[in-house]
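Work through the exercises below with the sequence and the model at hand, and compare each step with the solution that follows.

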Amino acid sequence: MPNEAVKQVNPTFPMIAMRGIVLFPKMVLHFDIGREKSIAALEYATEHDRKVFLAAQKDVQDEDPTVDNIYSVGVVGEVKQVIKIPGAGLRVMVEGLYRAKVVNLIDDDSCLIAEVKKTPLKRLLKADREVADAMMRAVKDLFKRYSELSPRMPKEIMLGVVLQENPAALSEFIAGNAAFEIGDKQKILEESSVLGRLQLLAGILERENEILAIERDFYQKVKDKMDTNQKEYYLREQMKVISEELGETDDFDDEVNEYLNKIAKLNLPIDTAEKLTKECNKLQKMSPMSQEAAVIRNYLDECMALPWNRQNEIKSDLQQARKILDRDHCGLEKIKDRIIESIAVKKLAPDMKGQILCLVGPPGVGKTSVAKSIAEATGRDYVRISLGGVRDEADIRGHRKTYVGAMPGRIMEAMKRAKSKNPLMLLDEIDKLGTDYKGDPSSALLEVLDPEQNFSFRDHYIEVPFDLSKVLFIATANNADTIPAPLYDRMEIINLSSYTRNEKLSIAKEHLVPKERKRHGLTGNNIRISDEALFEVIDYYTREAGVRKLEQLIAKIMRKAAVRIVSGKKGRITVMSSNVEEFLGPRMVKPDSIFSEDKVGIANGLAWTSVGGEMLQIEVAVLPGTGKLELTGHLGDVMKESAHTAVSLLRSRALMYGLDEDFYKTKDIHIHVPEGAVPKDGPSAGITLCTALLSALSNVAVRRDVAMTGEITLTGRVLPIGGLKEKTMAAYRFGVKKVIIPEDNKGDLSEIDKEVREKLEFITASSIETVLENALLCIPKKKISEDKQTICPHCAETREAACQVSC
């Protein structure tokens with residue numbers, strides 16, 4: 001025990017190490033003690049001046065804390081009351097007097113004796129008073145929020161905080177009564193600055209408020225879920241008791257057993273059967289009225305509706321198939337022959353996988369309708385998927401069933417509608433697929449249209465592999481250029497060209513007129529349309545590759561006839577070429593024709609469009625100037641480059657064709673392609689541009705009955721082009737007699753319609769000389785230079801004018 005006779009500068013007090021408690025000055029605290037050293041320190045204090053030093057220990061689990069495990073800053077307090085409690089413990093009431101710091105700590109085995117130094121707070125400067133007031137308001141607001149979130153905060157404490165005006169007392173009052181961490185309370189106790197204390201307190205309150213808010217939200221969610229589950233359980237038990245009392249049976253088990261029986265009857269692959277059986281077992285363990293049960297029911301219903309093992313027998317009668325195809329469509333020989341070949345191969349090799357065809361052609365030529373005829377001819381079920389405007393990959397592959405409102409993709413929906421494993425699936429407008437942030441549907445089709453992969457196609461919703469290898473896929477497109485290359489590579493492309501004038505007449509007579517007559521409630525006794533009238537409609541009211549507009553006009557004639565019949569007109573109505581205007585009004589299309597005379601600077605070119613072939617009359621004007629080249633008519637970059645190539649070619653051969661060597665400096669050249677509002681592009685106008693340029697520069701006319709197509713090079717070679725069938729049909733429609741084509745396109749002549757081949761004379765050219773010899777009225781004379789030399793037209797070498805040696 002300390003020697004009282006010795007005078008000391010700093011007072012000494014018995015010390016009690018507090019576990020989990022921090023005492024503040026002017027704070028009354030009740031706590032229990034039971035450790036021997038703490039009881040000895042209390043007894044010593046009660047025997048003397050009843051004062052004791054209380055400091056928090058750092059580790060609350062330490063039963064005998066050493067000097068290093070006790071905070072150095074604590075509070076000197078006065079013992080107000082000591083009560084014995086059952087056992088060996090004491091209950092103590094202590095009032096904090098002032099803050100002190102340990103100078104020296106002595107452990108004399110009986111209790112801890114602390115020599116302490118009083119450490120009062122720093123005085124608040126007058127200049128800092130406004131800052132302190134602002135911080136007090138903020139702390140009070142934070143404590144208000146803290147008391148709202150804290151589950152058991154007495155109102156007296158909240159009232160004490162509101163009424164407190166002393167910043168130091170406020171910080172000690174809040175820290176002493178709030179459920180902060182021991183470390184946070186000790187930091188506030190150790191802080192000597194009033195503003196520092198308020199700042200620490202504000203940070204602690206802010207953090208505690210965030211934690212309490214998260215805890216409250218969590219507890220609320222747990223409570224709501226428990227309440228819902230308990231309510232469902234209670235109601236379910238009531239329903240069960242009511243059903244038993246009424247003698248009703250539970251149909252839920254029967255429903256699950258029905259699913260299991262269906263799975264067993266479908267004879268599914270092992271993995272698929274296991275997956276569906278697992279879903280049934282999950283369904284059996286759920287409440288029949290739960291949302292998850294509804295999701296699994298929908299999933300099982302979708303899977304059960306698929307044609308896992310149902311397939312139709314493919315017809316093998318070639319003559320009957322050809323008869324059906326010829327009955328429904330005129331022309332389209334390529335696709336008809338391809339289907340007949342497919343039927344023959346299927347008969348010899350029944351296990352052959354389904355083919356993937358792509359019909360490419362202008363609108364209205366029967367791509368979509370021919371698919372129905374193919375389905376009937378082969379004995380397959382017909383199902384159509386419209387891909388125009390599809391931008392989401394989930395439209396093809398489906399949504400995962402975890403999403404609300406999930407459903408299978410269009411492929412699986414089509415298989416469900418087909419009700420067989422080997423239908424004909426029409427992928428209509430495959431070139432109109434789009435892409436955006438939701439994915440690329442054309443990439444999703446890669447697996448569908450690959451025979452090496454589609455035997456195990458996985459829809460995101462179905463989640464199990466489905467065999468698509470027996471499906472006959474037929475895609476349609478207007479323009480193959482917009483089909484992605486990997487998708488294009490997986491399909492067999494069949495190009496369908498425009499109909500000729502006579503083919504349109506045949507289609508109208510055999511199909512369109514009977515169809516529209518029946519639709520409008522008419523018969524052959526009511527109305528008759530002559531061949532001349534149909535030619536009149538084809539030539540002067542439509543300009544299309546197919547027959548869609550023609551069908552609309554025939555329907556219009558039928559409507560006009562129906563009005564006359566209902567109005568009381570007697571006898572049969574006959575539509576002739578002379579009275580077509582009574583039904584359709586004035587002619588809407590001027591006749592296609594060439595010029596009545598040969599002209600200088602105008603050449604007939606041939607172009608391909610998505611709706612068939614067209615003839616472009618390229619015009620060239622040569623004007624005095626400074627060598628400018630003007631290109632008009634909404635031309636694309638490739639066509640502009642072709643024009644520059646043609647000019648450079650003529651510059652290199654100026655003397656050969658009797659042109660001034662400096663014409664590109666002294667003349668302005670204006671090239672124009674009429675119908676300027678229509679975009680034009682492509683390299684196939686090269687020889688046409690060169691012919692029109694030479695005609696304008698040499699003043700030699702171009703034959704009006706000659707049309708041409710081909711790409712030109714700087715050396716005068718003529719390169720092959722595409723779309724020859726459509727281009728020659730345009731030449732035939734305009735009344736052209738000769739068509740100049742590249743030598744390398746000679747093999748494509750067999751693809752041209754027989755009617756067109758009989759009416760046109762085809763000239764193949766490998767160089768520009770052949771083109772000019774057949775297109776111009778005469779070849780311009782060679783230009784003789786000042787040294788009496790000339791340019792040989794065969795090898796472009798400079799030779800003596802009198803030289804007669806052939807190259």
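A salt bridge is taken here as a side-chain nitrogen of Lys or Arg within 4 Å of a carboxyl oxygen of Asp or Glu. The model is predicted, so local features need pLDDT of at least 70 and side-chain atom pairs count only at pLDDT 80 or more, while totals for chains, interfaces and linings use all residues. Residues are numbered from 1 along each chain as its sequence is written, and side-chain values use heavy atoms, with hydrogens and water left out.

**Exercise 1.** Determine how the side chains of Lys275 and Glu279 meet, and place the pair in its surroundings.

Solution. Step one: the side chains of Lys275 and Glu279 form a salt bridge, at 3.2 Å from N to O. Step two: both residues belong to helix H8 (residues 270–284; helices are DSSP runs of H or I with at least four residues), where they stand 4 residues apart, about one turn of the helix. Step three: Glu279 is buried at 3% relative accessibility (buried means under 20% relative accessible area, exposed over 50%, partly exposed in between, with a 1.4 Å probe and protein chains only), whereas Lys275 is partly exposed at 23%. Step four: a network of salt bridges links Lys275, Glu279, Lys282 and Glu463.

**Exercise 2.** Describe the salt bridge between Glu516 and Arg519.

Solution. Step one: their side chains meet at 3.1 Å, N to O. Step two: Glu516 and Arg519 are 3 residues apart in helix H17 (residues 501–519), a separation of about one helical turn. Step three: Glu516 is buried, with a relative accessible area of 1%, but Arg519 is exposed at 58%.

Technical notes:
Helix = DSSP H or I, 4+ residues; strand = E, 2+ residues; numbered from the N terminus.
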